[in-house]
Structure formats: structure tokens, C-alpha cells
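I opened this notebook to keep a plain record of what I looked up, entry by entry. The structure comes below, and my notes follow it.

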Amino acid sequence: LYSNIPILYRLKVVLFKPEVGTLLTSNEDVIRKFSTFTWQFSISDRMIKNRLALKYDPNFKEEPQAIWQLKLEGKLARKPFLVLNHKDLPNREVIVCDNQNNVSLINKEGLVLWTMNIPGEIMSDIHQIDLYQNNRFQYVFNTKTQLYVIDRMGNNVGKFPLTLKSMASNGGMLVEYGKNKEFRFFIAGEDKKIYAFDRWGKLVQNWTFGGSETPITKPGMRIEVGDKDYLIFNDKQNTYFLDRQGKTREGQPAPFDRSVNPLYFINNGNPRLISTDQLGRIHIMDFAGQAEIKEVGKFGTAHRFVAEDLDGNGSPEYIFADEKKLIIFSTDGKKIGEHSFTDVISETPTVCTMGNGNTKIGVVIKGENKVYLLDRTGSVTRGFPLEGDTNFILGKFNDSNAWFNLIVGAQGNMLVNYRIE
């Protein structure tokens, strides 16, 4: 008799009573270090001889495998978000939205707790807040015409949703100020204005930003540099440095023809913003109006770009995804890794941190229905690629788990939760 224990473990609900299943779940990390169980017996000299073997390996790591999958009403439209459950804080839930404008909350077992249909495409990330400061959480997001706040049960909160004064041109940004958790929502409109809302959805009266030259299509960011905090937005050419009242701060960088990529903030004692222009040149901007332009290669106008510290030395590496190729450069512009795929890279690469200096680069190849994890040299992680064709998240439903969960959309409107060690 032979058994693969990690596979057998997944059948605990079927094989054992609920109380036994609960006991096994509480000891899952230990049980999964036992890889195999064998039982052999033979008859000799009127005796039955038994031989039992239980293989234990404290360093055993399983190949990535699907823990659960479920079918959504539409195709996953945005990256999933792991969110806190105020009724069970150790165990997170995942909130997703599909291309039929459905928002769904799903628990760690893959059970859909509720689904809410929204009249309009969701444009923003789904942010989690404690609106009433009572340790109960809500979700904030916007469509082109409305700002939503819903509670954990999928119900609208207070007077939300609120109708926007102008059609939104970007996904909104949520900002939390100070120990008193003074919330602000910032949404840019097609009228080139930025609208600031307080926690109850009222327009902030002392907000004075006059408007951008062209519509702002990317979410803003809030950062702190020294004793100042900045609200930063950008349009096709300009970067806007604003204070809390929407007044312009000094040091705005010179305009340039931007790529579709966002701004990245790096602060290793020398705070700066990094992005690319349409030719793929890297623009490194400080907060005194100075900029450095770095050219590391030739890239198409539709290139995807990420600036992140992959090796933990405080300086960013530059990741370019252009057509079928991924290339990684060091801060000084030296190529340190690359990987060629058989089809086009369909999403901006995702940098995934797995602890202990283990950082991976996530890549989606929609044409293959495959997702990859690679290291900084471009080598593919063991057990990959996996099936999936959307942006994904790599995180944990429970911080005490020794493994990670990779949650991704796949063909046929499927949502898949993989276990990654």
C-alpha cells in the first residue's frame, strides 16, 4: 500500500469526521512534511510480516498545486486582493471582480460568501478601510460614474454610492492621514480636475487644484519626503507635486512624453521617482526639479516597465517586458537577466516577495494560458509555469502558513488558488 500524504491530506474532509479534520488542519504544516507512507506485508513460515515506512523530510517542498478552483460569472477583470476579515483576523479572504462587473468575496476554502453586481466597470483597485474606526472593515472602489463603499456583507454603506461630478478618468486613490485616520479619496475626472472626498463622500472644501493639461489616467500616490508629504499625479507629459490642499509644491520635474507605465517611488536615502518615456528611456526624477535620463536599450512604445529592488541592496533593478522578452537591468544599466517566451507578455510584470530575500518576478502569457515566476536572472522557478491568464496575487490567507497562495484567473471564467512553497 502506497500513499502520497500531501495528496491524501486534501481528502481529509471526505475520509475523516469533522473533529478529526479540524485536528489535522491545525497541524497541517507538520503533516505535510511527511511525504509518503508505505505498508508492505508478506506471509512466511505461517507468519505475517509487516513493514511500515513513513518518510519525513523537514525540508520537503511540494510542487505547486491547485487547492481549489471555482467558476466566476465572468472573466476575472482585475488583480485579486487579499483582505482582512474582522470576524476572524488570522484568516484573510479574497475579493475579486469580473468583466460582468460582479464583485465577489471568497473565503480561504474557496466558498463564495456573496456576489454584488455593479452598474459599470470598476476602474480602481479595491481598497480596504475601517471607515468608522471600530475595527470593522469596508471596501472602497470607483466606477466611471460613482464612488462605492460596501461592507463585508456586500451592502452599500451610508449614502454610498455617490455620483461623481465628472466621469472618472482614473482609478481612485485612498489616503490615510495621521493617527486619527483622516481618510481622503482622490479621483481624477475627464474634465481634467482632481476631486478630493472625505470619509463620508463630501467634497473637501479647501481643495484648490486647478486642473491638469490632459486627463490623468493613472492612480495617484502619496509619499513622504523629509517633513513634507506629497500627493503625486501625472498626465501624458506632466508630473504634479501637490500638498494636502491641492496646492503645487516646488520641484516638479520637466515634462516629457510618458509611456503607459506608472511612476515608481524609490527612497534609499535619495528619494526619487522613476518611469519611462515612449522610447523606453528611464527618467529618474528627484524632488528639486532635477532629472537623469538613462538609456539601457531600445524598446517599443507599448513596453512594460517596473522599478523595484529585487536583491535587497536598497537600489532598484529595472524590469522591461517588450513583446515576448523579459529583460532585467541593474541600477547602473547592466543586463543581469532575461527570458524569452513563445508568446507576448500580456501584463505588467509583478514583483512578489516570499520572505528571507526571496523575490520573484511574476509574468502572465495570456496566449499560452500560463503564469510564470522567475528569479532576477530570468530563470523559471521550479514547478512553473501554471495555468492562468490574468494578473495574479501571491500572498497568504494566514501568516502562520509556511506556504503562499497564488490566486489567478484562468480560461472558462475560472478562479484558481495554487499552493506555492
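**Entry: the largest pocket.** I began with the open spaces in this model, which is a predicted one, and noted that the largest pocket holds about 1,500 Å³ of space. I then asked which residues lie nearest the centre of the largest pocket. I found that its lining counts 44 residues, and that Arg78, Asp125, Pro219, Pro262 and Asn391 are the ones nearest the centre. Looking for the elements that give two or more residues to this lining, I wrote down strand S13 (173-177), strand S17 (228-234), strand S23 (304-308) and strand S27 (350-353). When I sorted the lining of the largest pocket by class, I obtained 18 nonpolar, 14 polar and 12 charged residues.

**Entry: the largest cavity.** I turned next to enclosed space, and found that the structure holds 1 cavity of 30 Å³ or more; the volume of the largest cavity is about 40 Å³. The residues that line the largest cavity are Ser124, His127, Val140, Phe141, Asn142, Leu147, Gly172, Met173, Leu174, Phe185 and Ile187. Strand S10 (138-142), S13 and strand S14 (182-188) are the elements that give two or more residues to this lining, and I noted that S10 supplies the largest share, 3 residues. How many charged residues does the lining of the largest cavity have? I counted no charged residues there, but 7 nonpolar and 4 polar ones. I also marked S13 as an element that appears in the lining of the largest pocket and again in that of the largest cavity.

**Entry: the chain as a whole.** I stepped back to the full chain, where I find 4 helices and 33 strands. Taken along the principal axes, the C-alpha atoms fill a box of roughly 95 × 55 × 40 Å. The chain has 421 residues, and buried residues make up 49% of them. The area that the chain exposes comes to about 21,100 Å², of which carbon and sulfur atoms supply 49%. For contacts between residues at least 6 apart in sequence, I noted that 41% join residues at least 24 apart.

**Entry: aromatic pairs.** I looked up the aromatic rings and found that the structure holds 16 aromatic pairs. Phe241 and Phe287 form one of them, a stacked pair with 5.1 Å from centre to centre and 25° between the planes. Which parts of the chain does this pair tie together? Phe241 lies in strand S18 (residues 239-242) and Phe287 lies in the loop between S21 and strand S22 (291-294), so the pair ties together parts that are 46 residues apart in sequence. I checked the accessibility of both partners: Phe241 is buried at 0% relative accessibility, and Phe287 is buried as well, with a relative accessible area of 13%.

I then wrote down a further stacked pair, Phe299 and Phe320, whose ring centres are 4.0 Å apart and whose planes differ by 5°. Because Phe299 lies in the loop between S22 and S23 while Phe320 is in strand S24 (residues 317-322), this pair ties together parts that are 21 residues apart in sequence. Phe299 counts as buried at 12% relative accessibility, and Phe320 is buried with a relative accessible area of 0%. I also found Phe299 and Phe320 in one aromatic cluster, together with Tyr264, Phe305, Tyr318 and Phe329.

**Entry: Ile284.** I placed Ile284 in strand S21 (residues 282-285). Is Ile284 buried or exposed? Its relative accessibility is 10%, and since buried means under 20%, Ile284 counts as buried. Setting aside its neighbours within four places in sequence, I listed Arg272, Leu273, Ile274, Gln290, Ala291, Glu292, Lys294 and Tyr318 as the residues in contact with Ile284; Tyr318 is also a member of the aromatic cluster. I noted too that Ile284 and Phe397 are 113 residues apart in sequence and 36 Å apart in space, C-alpha to C-alpha.

**Entry: Thr359.** My last look was at Thr359, which has its place in strand S28 (residues 359-365). Thr359 is buried, with a relative accessible area of 17%. Leaving out neighbours within four places in sequence, I found Thr359 in contact with Leu310, Val351, Cys352 and Thr353.

Key: Residues numbered from 1 in each chain as written. Predicted model: local features only at pLDDT ≥ 70, side-chain atom pairs only at ≥ 80, totals over all residues. Heavy atoms only, no water. Buried < 20%, exposed > 50% of the residue type's maximum accessible area, 1.4 Å probe, protein only. Contact = heavy atoms within 4.5 Å. 1 Å grid on protein atoms, 1.4 Å probe; cavity = no way out; pocket = protein on both sides within 12 Å on 5 of 7 lines; lining within 4 Å. Points joined across faces, edges and corners; volume = space filled by probe spheres on them. Nonpolar A, V, L, I, M, F, W, Y, C, P; charged D, E, K, R; others polar. Areas by Shrake-Rupley, 256 points an atom, 1.4 Å probe, with all protein chains shown as cover. Phe/Tyr/Trp six-rings, centres within 6.5 Å; stacked < 30°, edge-to-face > 60°.
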